[in-house]
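Student: I have a protein model open and I don't know where to begin. Could you walk me through it?

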Amino acid sequence: PPRTPRHGVRRQRQMCIRDREQNDRASNHLALTEQTIDGMLKRLSHELKDLPQTSVVREQLLGEALQLQKKMLELEQGNPSVALRTVNVHKRMAELQQLLGDPQAALASAREAIDLASSLDLEGSDELHFELGRSHAQMASLLRTQGDFRKAREEAQLAIDEFLQVAQPEDDQLALASAYRELGAIEEHLGSVSAAESALQQALQLLEQPGAAPHSDAERQKTTAEALNSLAILYRASGRAEEAEELYLKCITICQRMADQGNQRIEALDQLGISAINLGNLMMSQSRHEEAAVPYARAAETFAELERDFPRVVRYQERTARSLMSLGLVQSESDNLVEAEKNYRRAIEKLESLDRLHGLPAVSVDVLAASYNNRGNVLVDGEEFDEGLSAFDESLRRRTRISDTPTSRPVAQHAVNRARGNP
């Protein structure tokens, strides 16, 4: 066969050396840029995340990280590791947007993460399966939060399927446990009791196994607390109140310990408040009014703390108001009318302010109407008839916004007349 001239071989060798040097320089630049992004994300995740009044700064920093990562993606189209890291940045952006009270933007970012991960041609890649699984799990959580339970169930199952395709799933049992926990919570909302209990028990079994939390003990505790709360909800609905109460108390203990240690403080306090409300509801259903006041008060204090830290997050304010309304209800049942009226009034003031600024969803309008109605009952019991009737009127006006058959004005007037001793 013909032989390649020596000068041709030398030129090819020189070109190979030059290409290798360029690749090395590009790799070094990529590593330096990724270190910069990692530093920004570390500050967001571990330093700024739990500091109050830093929401705008955190959002700006993560936005800058996302734009830098996108630029890297444009320059390194053939490098799959860059694309996977961009998937991760989209997920972190969705997390922050949800925290800052922008659920639609969070859904859009989560969808970008899924679409990008799905477009990559990395057949057999454990890393890709994990990223796809985490992306689907995040989407399931966001959809569940917004009440789209059927789509959320599809996403949760997709997450589990991705995790189970990994050659050694035990290396990331925490992610798989979290996906089962999410699926269990969704199945509970859909009324699938057996499927919900099976998924939640699977999650807890994974979390209890040795080495089930390779990432961090804080993440394992958070996932365990969420699974316990979801299973408690299921047990209460199934008539297993004693077991449910025990699980709520375990969940609250775990969350308080996490908050005290500064581990994922925001998520820990949020879950603590939710479980405290659930525990109060359980006690209220058993007519344990004085006992129920304790978890309701704790929930109100917890959400008020989060509200001070993140004043732009509407859900914390709504949950504070809901806790205050529930606290007022058990106080009125215990004949503590002064405190009950005060807490009803606090709930009303908070929700009225939110309604003026943002408008309220139907569920919060219902809480506002109930707070007015309950305050009216307390005022009438205290013989403050005119103010009580005014509160009934306000309740009627709010219920008209969300119901075609609200309690009528004559019914409220009759209640006041009867309290006055008039025929």
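## Two helices side by side

Tutor: Sure, let's start with one pair of helices. In this predicted model, a set of residues in α12, namely H289, A292, A293, Y296, A297, A299, A300, F303, A304, L306 and E307, meets Y316, Q317, R319, T320, S323, L324, S326, L327, V330 and E333 in α13.

Student: What kinds of residues make up the contact of α12 with α13?

Tutor: Sort them by character: there are 13 nonpolar, five polar and three charged residues in that contact.

Student: And at what angle do α12 and α13 pack?

Tutor: To read a helix pair, look at the angle between the axes and the distance separating them. Helix α12 covers residues 289–309 and helix α13 covers residues 314–333; they pack at about 160°, with axes 8 Å apart. Angles over 145 degrees count as roughly antiparallel, so that is the label for α12 and α13. Their crossing is left-handed.

Student: How many residues of α13 are buried?

Tutor: A residue is called buried when its relative accessible area is under 20%. In α13, 14 of the 20 residues are buried, so this helix is largely enclosed by the rest of the structure. You can also check its length: at 1.5 Å a residue, α13 should span 28 Å, and its end C-alpha atoms are 29 Å apart, which agrees.

Student: Which other pair could I practise on?

Tutor: Try helix α5 (residues 126–145) with helix α7 (residues 173–189), which pack at about 30° with axes 10 Å apart.

Student: Are α5 and α7 roughly parallel or roughly antiparallel?

Tutor: Here the cut-off is under 35 degrees, and α5 and α7 are therefore roughly parallel. α5 passes α7 in a left-handed crossing. On the α5 side the contact uses R134, A140, S141 and R144, and on the α7 side A175, R181, E182, A185, I186 and H189. By character, that contact has four nonpolar, two polar and four charged residues.

Student: How far does α5 reach, and how much of it is buried?

Tutor: α5 has 20 residues and runs 29 Å from its first C-alpha to its last, close to the expected 28 Å. It is mostly covered, with 14 of its 20 residues buried.

## Backbone angles and single residues

Student: Which residues have a positive phi just after α5 and just after α13?

Tutor: Phi is a backbone angle, and its sign is worth a look. Just after α5, G147 has a positive phi of about 85°. Just after α13 comes D335, whose phi is near 65°, a positive value in a residue other than glycine. D335 sits in the loop between α13 and α14 (337–357), and its relative accessible area of 65% makes D335 exposed. S287 is another non-glycine residue with a positive phi, near 60°. Its place is the loop between α11 (265–285) and α12, and at 53% relative accessibility S287 counts as exposed.

Student: Where does N373 lie, and what does it touch?

Tutor: N373 lies in helix α15 (residues 362–381). Leaving out residues up to four places away in sequence, N373 touches F392 and S395. N373 and E394 are 21 residues apart in sequence and 8.0 Å apart in space, C-alpha to C-alpha. With 25% relative accessibility, N373 counts as partly exposed.

Student: How many helices and strands does the chain have?

Tutor: It has 17 helices and zero strands. Of the 423 residues in the chain, 48% are buried.

Methods:
Residues numbered from 1 in each chain as written. Predicted model: local features only at pLDDT ≥ 70, side-chain atom pairs only at ≥ 80, totals over all residues. Heavy atoms only, no water. Axes fitted to C-alpha atoms, helices over the stretch in contact; angles between N-to-C directions. Helix = DSSP H or I, 4+ residues; strand = E, 2+ residues; numbered from the N terminus. Parallel < 35°, antiparallel > 145°, perpendicular 65-115°, else oblique. Left-handed = near helix turned anticlockwise from the far one by under 90°. Contact = heavy atoms within 4.5 Å. Nonpolar A, V, L, I, M, F, W, Y, C, P; charged D, E, K, R; others polar. Buried < 20%, exposed > 50% of the residue type's maximum accessible area, 1.4 Å probe, protein only. Expected span 1.5 Å × (residues − 1).
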